[in-house]
Each structure stands twice: as C-alpha cells, then as structure tokens.
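Let's take a look at this one together. Have the sequence and the 3D view open while you read.

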Amino acid sequence: MTDQTPLARIEGLSKHFGATVALDNLTLDIAQGEFVTFLGPSGCGKSTTLRILGGFERPTKGRVILDGEDVTNQPPERRNVNMVFQDYALFPHMTVAQNISFGLELKGMGKADIKRRSDEIMSFLELDAYAGRYPVQLSGGQRQRVALARALAPDPALLLLDEPLGALDAKLRGQVQQELKSIQRRTHKTFFFVTHDQEEALTMSDRIVVMNAGRVEQDGTPEELYFRPASRFVAEFIGETNFLSGRVRGVEGDKVVMDWEGTTITGKAPATLPDAGTPVTASVRLEKLGFHDTRPETGNAVQGRVVGKTFLGSRMAMQIAVGDKGDAMLKAYVDAETGQAVGNEPVWIGWEADNMAVLND
Amino acid sequence: MNDRPELFRGNRIFLSCIYWAFVLYVFVPLILMVIMGFKDSNFIGFPIRSWTLEWYTGVFADAEVISTFGYSVAIAVLSTLISVFVGTWIAVLLEGRKFFGRMAMFGLTVLPALVPGIISAIAFRIYARYLGIEPGMGAIIWAHAVHNVPFVVLVVMARLSTLPKSQIEAARDLGADPLISFIRITLPYLVPAILGASIFCLLLSFDDFVRSFFLGGYDPTLPVLIFAKLRSGMSPEINAIATVALVLTAAIGIWAERFTRRMNKDS
C-alpha cells in the first residue's frame with residue numbers, strides 16, 4: 001500500500017448509555033486491507049464500536065472518518081460499510097439470490113449488472129446451487145455464507161462482522177475461520193471483526209484490539225498479544241498462562257529482576273518500569289516451561305513437585321507445586337505420551353527470561 | 001406422552017365424557033338446523049316423512065337472498081379493508097419506538113372491542129344522526145370497520161413484536177431508507193398476520209347483526225334478512241340460508257387458519 005492514509009479513523013469516540021460508559025475516548029486507525037479484531041468480554045465496548053461504525057448508534061462524543069469523509073452523522077444506508085449480523089438477519093421471504101441482490105438493487109444497479117454481480121459472488125462463495133432456496137432451507141454454515149455474500153456484494157470499503165461464528169458448532173467454526181481468512185485475503189477487503197473468543201481472534205486476525213471496560217487494553221499482532229501481553233487482563237484473556245506474583249528487586253536494561261517464592265527470576269520489563277520493592281506480577285505461558293533433572297544453566301529455574309496432570313489429547317498439562325511451603329502452583333505442558341510422572345521427587349522447572357513478561361497491573 | 005404431567009390420571013373416562021357432552025351440546029343444534037333444511041314440509045320439527053332439495057333451489061333462485069348476500073359480502077370486504085389499513089398503521093405506530101403515552105394509546109385502541117355490541121350500536125346510531133350520516137351501507141361499513149380495528153391491531157402487533165431488530169438494521173445497512181425497509185421487509189413479514197386479521201374481520205362483519213340492524217337503511221344484510229324472515233314464521237327456507245352461510249364461513253375460517261399457520265411456520 002503506497003497510500004498511507006488509513007481507510008477508517010476513529011477519533012476520541014465515547015458512548016454513554018445513561019450512566020453507563022460503553023466506550024471511553026477510543027482513538028484508532030484501520031488500514032486498508034487489514035483484518036482487525038476487536039476482542040473482549042461482553043460489555044467491553046466492542047459491539048458498540050461496531051454499531052457506531054455501521055451507523056446504528058451515534059457516539060456521545062468523537063468522530064468516525066471513512067475514506068477521508070466524516071460519516072459520524074450519516075445513517076447506515078448512506079455509508080459504504082456493510083455488516084454480517086450475529087443472527088445473520090437473512091430476509092426470510094427472499095431466496096438466497098434475492099437476499100444477495102437486495103443491496104445491489106438499492107445501489108441503483110441495472111438488472112443485468114445485478115445478475116452478473118450476484119452470480120459472481122455466489123460462485124465465489126460456492127452458493128450457486130442454493131440460489132433459489134429460502135433461508136429456512138439452509139444449514140447454519142450455509143446461512144452464514146449467504147450473510148457474508150450479501151454484505152460483500154455491494155463492494156463495501158469496510159466489512160463489519162458481529163460475532164458471526166457464534167451460532168456454529170465447534171467443528172464447523174474452525175473450518176469457517178480458515179474460510180473467512182482466505183476470503184479476506186482474496187478480496188483484499190478490510191474486515192472489522194468482533195468476538196469474545198480469543199482463539200478465533202488469534203487464528204484469523206492481522207491485528208487484535210483487546211478491549212476492556214470501554215478502553216483499549218492492548219493493540220497489536222496476535223503474536224505480540226500472546227507472548228508480550230501488556231497487562232494482566234490481556235495475559236489472562238488470551239490463552240492460558242502462569243501468573244507469578246512477587247516483589248521487584250530491580251531493573252536491568254529491558255529486564256526486571258524480581259523475588260518470587262524464595263528465588264530470583266528475571267523477565268521482560270513492561271512499558272512502565274516498576275519501582276524496586278513494589279509488588280508485581282509476571283506471566284509465563286505453559287508451553288514455555290521445561291522439566292530438568294538438574295538445575296538448568298541459563299534462565300530462570302525453580303524446584304518443585306509434580307502434584308497432578310490433565311490429559312488433553314495432543315499434550316498433557318502438569319500441575320507443579322513450588323516455593324518454600326509448596327503452595328504456589330505452576331502449570332506446564334509436556335508431551336502426552338512420554339509425559340512426566342506425578343510424584344514426590346523434586347524436579348527442576350526452567351524457562352528463559354525472554355519468555356516471561358512482567359506486567360503492569 | 002409421558003413427558004406431560006399426568007394431572008388427570010384415572011380421570012380419563014370422566015374427562016372424555018365431559019368433552020363429548022360439550023361437543024354434542026355445540027353441534028347437535030347445528031346438525032338439527034342442517035337436517036331441517038332438507039325436510040319436505042313447511043313446518044320445522046320431527047317426524048320427517050319425506051326429503052327435498054326444494055328449499056335450497058329456492059334460496060339460490062331467490063333474488064332477494066342473493067342480492068342481500070352480495071350486499072353483506074360487499075360490506076364485509078370494504079369494512080375489512082378499512083380496518084386492516086387503520087389497524088396495521090396503529091400497530092406499527094405503537095410497536096415502534098417507546099414514547100410517552102404509548103400504553104394509554106394502546107388501551108384506547110383496544111377498548112372498543114370490550115364495549116357491548118348493543119351499546120356501541122346505539123351510540124353509533126345517535127352519532128351518525130348527529131353527523132347527518134344516513135342509515136345504510138356507509139354507516140354499517142363505518143361501524144364494522146371501527147369495531148374491527150382493535151382485533152387487527154392486536155394480531156399485527158403480536159406479529160410485529162417477533163420481527164428481529166436486525167432484519168431492519170440489515171435492510172438499512174444494505175442501503176434501504178426507513179420507508180423502503182418498511183415496504184420491503186416489515187410489510188412482507190406482517191403478511192400472515194394481516195391475512196389472518198382480514199379473514200377474522202370479514203367473518204365478524206358478515207356475522208354482525210346488532211350494528212347492521214341499528215345502522216341499516218332499507219336494504220337488510222343477511223343476518224337482518226334472516227331475522228326479518230323469522231318474524232314471519234319459521235320455515236325450512238331459513239335453515240337452508242343458514243346452512244349455506246354456515247358452510248361458507250366455516251370453510252373460509254378453516255382455510256385461513258391452516259394458511260396462516262403454514263405462513264407463520266415458513267418464516
């Protein structure tokens with residue numbers, strides 16, 4: 001992209017419902033061709049942002065700029081933005097082809113053009129065979145594709161997706177995730193996806209914006225969010241992790257050294273450096289912990305006892321009791337077959353300083 | 001069957017006896033009425049010595065009965081059109097945004113359905129005279145239409161309340177302004193309710209006696225004609241007229257019930 005101006009810009013957006021603050025001064029740029037996911041628990045403001053972008057809500061404060069134009073006060077029908085609704089909202093009295101043509105008709109396209117465009121999008125999404133069917137005659141996955149086709153047909157600058165996979169069963173969901181991502185790549189469309197499912201967000205997005213209580217908690221690539229969470233909220237929300245609560249001993253370059261359960265450990269420093277002596281929490285992912293017979297030469301290490309295990313199919317989650325009194329717990333993944341025995345013999349657990357993120361609370 | 005609580009275990013026989021007694025109570029008079037229409041005699045009652053279709057051929061040859069029938073149908077159709085238009089409009093207004101006085105407006109709208117027929121008929125008669133409206137077709141249509149509006153409002157509102165909000169948002173999202181989304185999405189969604197309400201209004205109007213009697217001019221509607229004929233004595237001709245009306249209205253009612261049920265299932 002030579003064009004550096006963002007496709008959409010959200011400026012100081014706030015939305016209040018009575019005394020509730022749904023969105024608190026949100027500013028964000030969305031680049032052309034990006035797959036952006038808004039991730040967060042219900043009530044975090046992600047859906048409100050989506051509805052403001054679609055034109056279904058007006059912000060209390062702030063502006064929405066689309067393609068250089070201020071669309072904040074434009075009704076939905078005048079915006080070059082289309083939406084895939086959570087319940088798909090297919091029109092029950094129209095066939096698949098009629099549903100898809102609806103937006104084209106309202107754009108004032110000629111009959112021949114409508115036919116060409118809707119045929120094109122139907123074959124693109126492999127819906128040709130269902131053109132004459134009504135929504136009630138389709139499966140959940142097919143309905144989802146029709147909703148997507150209907151929203152893509154008018155060629156919107158920005159496609160909004162409101163938890164469109166929520167109604168599908170787990171197996172189908174995985175398949176549709178791949179499909180959505182590939183459709184987004186092939187169409188070069190900008191997707192604005194909203195979900196509360198972290199796994200969904202990680203698999204599909206170029207960029208994830210984690211929302212919490214109407215504010216952006218962290219904005220970055222899936223890898224950044226997973227391995228370098230900026231806050232305890234993000235670390236907790238995305239994936240499974242070990243939280244290590246201790247006290248700061250000092251800062252060395254971009255590392256924080258902290259006391260934890262009678263030993264000294266080192267992790268990557270957060271954006272705001274903590275003061276020595278203050279309580280602090282660090283996060284290390286389960287797959288980053290390794291078992292050793294003797295104390296590893298580099299990195300962090302702690303001795304503990306394996307007290308339990310959970311079989312997960314491809315791997316095994318081990319519970320390890322560590323610390324002086326053995327009341328701190330760590331969880332680690334090991335190979336499900338070779339495994340690690342549960343028992344009283346002490347084992348060494350080690351991990352690299354780079355794999356542990358010290359968090360700002 | 002076992003997934004339902006057996007409230008009446010052991011009372012089965014007793015309950016079915018009550019049910020069949022009820023069925024007999026409702027249908028025996030109707031069956032008797034139908035049978036008497038085939039009796040070859042001027043007097044209604046048993047024993048029946050010989051049968052005839054004469055009364056029926058008489059009914060279909062009777063110009064007065066035929067024209068009265070047409071008059072009643074015309075009144076039913078016209079009053080229904082008015083009720084459906086006004087009722088749907090009010091339903092859309094009341095089911096839309098919440099506004100101050102909405103419940104009061106709803107109450108005022110459905111209240112007329114609870115006013116006893118004779119009272120509203122007299123009120124209409126007085127008001128019509130005051131306005132200078134002549135008794136006759138216009139006055140009857142007016143009274144029927146007003147009386148039927150609440151039923152339309154209730155039926156259409158019930159359907160409208162089940163329209164997902166996302167349907168309208170999707171239409172708006174795809175470029176439809178509020179009017180176009182109403183015409184292309186809301187209205188088609190309401191069709192089963194509007195059809196059901198229409199059939200109900202047609203039957204109510206066709207069946208109405210009190211309003212038609214008080215507001216009618218020289219031409220009687222079918223129920224008024226039957227009443228007039230009764231005063232000159234019971235004869236099997238009345239049974240024949242009544243039977244034809246019964247079969248027609250029952251057929252329409254059953255068809256409408258099945259039709260709207262199917263349409264509701266499809267969407």
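## What covers the helix

In this predicted model, the buried residues of α5(B) have cover that includes two other helices of chain B, α6 (137-160) and α9 (210-215). And which residues of α5(B) are buried? They are S120(B), A121(B), F124(B) and A128(B). Look down the axis of α5(B) and you'll find these buried residues within an arc of 100°, so they line one face of the helix.

Here's the handy rule behind that kind of pattern. An α-helix has 3.6 residues a turn, so residues three or four places apart point the same way.

## The other side, and the end

Now spin α5(B) around: on the other side, I119(B), I126(B), R129(B) and Y130(B) are exposed.

The helix itself takes up residues 117-131 of chain B, which is 15 residues. From first C-alpha to last, α5(B) reaches 21 Å, close to the 21 Å expected at 1.5 Å a residue. Just after α5(B) comes G132(B), with a positive phi of about 85°.

## Over to chain A

Time to zoom out to the other chain letter. Chain A has 8 helices and 20 strands, and its C-alpha trace spans about 75 × 45 × 40 Å along its principal axes. Of the 361 residues in chain A, 51% are buried. Among the chain A contacts with a separation of 6 or more, 65% are between residues 24 or more positions apart.

What about the outside? The accessible surface of chain A comes to about 16600 Å², and carbon and sulfur atoms account for 46% of that. Chain A also carries 40 positive and 48 negative charges, whose mean positions are 5 Å apart.

Technical notes: Residues numbered from 1 in each chain as written. Chains lettered and ligands numbered in written order. Predicted model: local features only at pLDDT ≥ 70, side-chain atom pairs only at ≥ 80, totals over all residues. Heavy atoms only, no water. Helix = DSSP H or I, 4+ residues; strand = E, 2+ residues; numbered from the N terminus. Buried < 20%, exposed > 50% of the residue type's maximum accessible area, 1.4 Å probe, protein only. Contact = heavy atoms within 4.5 Å. Areas by Shrake-Rupley, 256 points an atom, 1.4 Å probe, with all protein chains shown as cover. Lys, Arg positive; Asp, Glu negative; His and termini not counted. Charge placed at Lys NZ, Arg CZ, Asp CG, Glu CD. Expected span 1.5 Å × (residues − 1). Arc of directions from axis to C-beta.
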